[in-house]
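Here is a short report on charged side-chain pairs. Please read it alongside the model.

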Amino acid sequence: MTASERRAALDARLNEGFAEFDGMILGERERAQSEADEAGSGVMSGGGSGGGGGADGSGDGSGSSSPMIIASAPEGSTGGGIMPAGNASRQGDFSNNNQPETFPVPEDIPNGNNDDVVARQLREAAMAEPDPELREKLWDEYRAYTGLGQ
Amino acid sequence: MLRMFKPLFFLLLMAGVSACSTQTVKSTTFTPIESDDEGLVEEELLDIGIAIFEPGLDDIPRNREELTFSDVRMAETYFASYNLAGALQNSGNWGVVRVVPGDLSSSDLAITGTILQSDGETMRVQVHVKDSTGATWINKEYEEVVSKYSYDPRMRRSEDAFQGLFNKIANDLLAYKQRNISREKVLNIRTVSQIQFARDFAPQIFDDYVEEDRNGILQVKRLPAQNDPVINRIQDIRERDYLYVDALQDYYSNFVRQMETPYTEFRRMSYEEVMKMDKLAADSRRNMIMGVAAIIGGIAATQSNNAAAYWSSPVILASGGWLIKDAFSKGDERQMHVEALAELGNSLEMEIAPQTIELEQRTITLSGSVEAQYEQWRELLADIYANDIGEATSSDL
């Protein structure tokens, strides 16, 4: 095996780890969301949408008995629950030129206008997943979560 | 002559003690959160990590031990950290604000704190803020004493009774940044935190990118090359790290929401009990001092040559006795309030402790899985690096 083949194999293992990790975290967030729903709140604190408190000081605390939402990223900020789909980097960040490719959405999947936070994250993870097998698993999770085909 | 005035002196002393009883002035003003007037550029926003506060159970003064419930205090550590995060996030002066359970070395700004006192009436916290280079911004004790109106349903704002304290911390942080931190410093802090994260995952590559100066401040020695594939991989990992921390925010958010109502009610009732207890303790202490002073004065009066003082001595002695008896009685009454408070605290502990334990267990489980995954990634990055070095070496030959 050449050095570049070895590197490709190691990179593939890294990517597999990423997909596994994303699934684990999304599962946890889904569980936390269900618990929040059961407790009578429709809002999850993690800023999956990345749209809460911004530089204008307008923290988004709507829909929750809690006064605020933490970890809701200002638009374009790194982190804040945004799936790794190449969000804009800031000066002082290292540049990330590894913008993931996005893959086409299966035909049976509707547009995501009505997606909630978890569904949107599943959709984005599936669209960014290069491994076709893992990608299909993520779409299956999306279908199960949104009740498609039931 | 001097002996003649001795009883009078003791009576004046008693009056003086009475007049010197402490009065706590409570502020009903609320510290609002301040926002930076100058338009902030997104690239200059610093992200903040807040470690779960320390419970400070080893630092509780003896006279406050009976008012402190360890399980309630543990829950308060999450509540306080979360409310501070809320103040900072709502100020709009910062990037992403996250409550995190462990290492803060790759946060632009790291906040640690210890709860020193929390009894419904007073909250005191020690707060330490430093940036990723290791420079301390704030190391200060904050205290807020609230009035009964903070718990009055008609007067209550939507914020927590002690939100003003967290707003003060957030305002101090902004003031420090405005006074001392230039745009260049902000960018340097961000670069150092990025390198710190990279060092954690690939120390063999990034260890010599920063070095500590003689003041213990990290200085950037070199920067990664543009298009460095290792940096791209590490950036991918960092995005996952953000996701993990966001999952933890969900845990904390749910926990705080669950505890908020019973905890606020506990603090309201605790406030009333603490007020009564403090008043009784002060009255008891004052009466004891006055009683002892009266008895000493009465004894002195019996030795006096002054007829008026001599004949008043039984009255002074009786008054002293009555004051001492009343001091003991107030002490007993205070004990009843201690017991009432203990009942309240135990009741809340029974409600809150299982939730705290569950939160801690879930955090440990998730952190364990995440750390195991991170360890694999560290090994893979090391293998990739070794492979690249080998390739570079062989191509050099």
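The text below goes through the salt bridges, from the total to single pairs and a network.

The model is predicted. Over all chains it holds 25 salt bridges.

One of them is the pair Arg29(A) and Asp250(B), with the closest N and O atoms 2.8 Å apart. Arg29(A) sits in helix α1 of chain A, residues 3–38, and Asp250(B) sits in helix α6 of chain B, residues 229–302, so this pair joins two chains. Both Arg29(A) and Asp250(B) are buried.

Next come pairs within chain B. Glu141(B) and Arg124(B) form a salt bridge at 2.9 Å, N to O. Glu141(B) belongs to strand β5 (residues 136–145) and Arg124(B) to strand β4 (residues 122–131), so the contact ties together parts 17 residues apart in sequence. Glu141(B) is partly exposed, whereas Arg124(B) is buried.

Glu144(B) pairs with Lys168(B), and their closest N and O atoms are 2.9 Å apart. Glu144(B) lies in strand β5 and Lys168(B) in helix α3 (residues 163–180), so this salt bridge links parts of chain B that are 24 residues apart in sequence. Here Glu144(B) is buried, and Lys168(B) is partly exposed.

The relative accessible areas of these chain B residues are as follows.

| Residue | Relative accessible area | Class |
|---|---|---|
| Glu141(B) | 41% | partly exposed |
| Arg124(B) | 17% | buried |
| Glu144(B) | 10% | buried |
| Lys168(B) | 27% | partly exposed |

Salt bridges can also share partners. Glu28(A), Arg31(A), Glu35(A), Glu358(B) and Arg362(B) are joined in this way into one network.

Terms used:
Residues are numbered from 1 along each chain as its sequence is written. Chains are lettered from A and ligands numbered from 1 in the order in which they are written. This is a predicted model: local features need pLDDT of at least 70, side-chain atom pairs count only at pLDDT 80 or more; totals for chains, interfaces and linings use all residues. Side-chain values use heavy atoms; hydrogens and water are left out. A salt bridge is a side-chain nitrogen of Lys or Arg within 4 Å of a carboxyl oxygen of Asp or Glu. Helices (H or I, at least four residues) and strands (E, at least two) are DSSP runs, numbered from the N terminus. Buried means under 20% relative accessible area, exposed over 50%, partly exposed in between (1.4 Å probe, protein chains only).
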